[in-house]
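This report describes how the strands of one model are arranged and joined. Please keep the sequence and the structure in view while reading.

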Amino acid sequence: MSTFVKQFLGEREGNQLRAEIYSANQGYTIRYHINGNFVKEETITGHSIQYIEDAATNWLDGIKVLNG
């Protein structure tokens, strides 16, 4: 079971972006959305919440690219 932790909102190239962070037993999951549509889910283990938040905001800023 996962628990909602935090949400980050942004806008890039006319698109509304949202990254939602959830905690779970195995680590953290980030769920990425563009214009309200789910795009991808990424589970990250072995890192701090600060690392997870940085990953989410890097995506909003266009630094992190989602592959696949």
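## The central pair

In this predicted model, strand β2 (residues 15–24) and strand β3 (residues 27–34) pair in the antiparallel sense over eight bridges. Here strands are DSSP runs (E, at least two residues) that are numbered from the N terminus, and two strands count as paired if DSSP finds at least two bridges between them.

Along this pair, Ala19 of β2 stands opposite Tyr32 in β3, and Tyr22 has Thr29 in β3 as its bridge partner. The connection from β2 to β3 is a hairpin that passes through two residues.

## Basis of the model

The model is a predicted one, in which local features need pLDDT of at least 70 and side-chain atom pairs count only at pLDDT 80 or more, while totals for chains, interfaces and linings use all residues. Residues are numbered from 1 along each chain as its sequence is written, and side-chain values use heavy atoms, with hydrogens and water left out.

## The pairing of β1 with β2

Strand β1 (residues 3–12) runs antiparallel to β2 and is joined to it by nine bridges. Among the paired positions, Thr3 has Ser23 in β2 as its bridge partner, and Gln7 is matched in the same way with Glu20 of β2. The hairpin of β1 and β2 has two residues between the strands, and Glu13 in this hairpin takes a positive phi near 55°.

## The pairing of β3 with β4

On strand β4 (residues 37–44), seven bridges make the antiparallel pairing with β3, and Ile34 stands opposite Asn37 in β4. These two strands also form a hairpin with two residues between them, where Asn35 in the turn has a positive phi of about 50°.

## The sheet as a whole

How are the four strands ordered in the sheet? They form an open sheet in the order β1-β2-β3-β4, with antiparallel pairing. The edge strands are β1 and β4, each of which pairs on one side only. Neighbouring strands of this sheet are turned by 20° against each other on average, direction ignored, where the axes are lines fitted to C-alpha atoms and angles run from 0 to 180 degrees between N-to-C directions.
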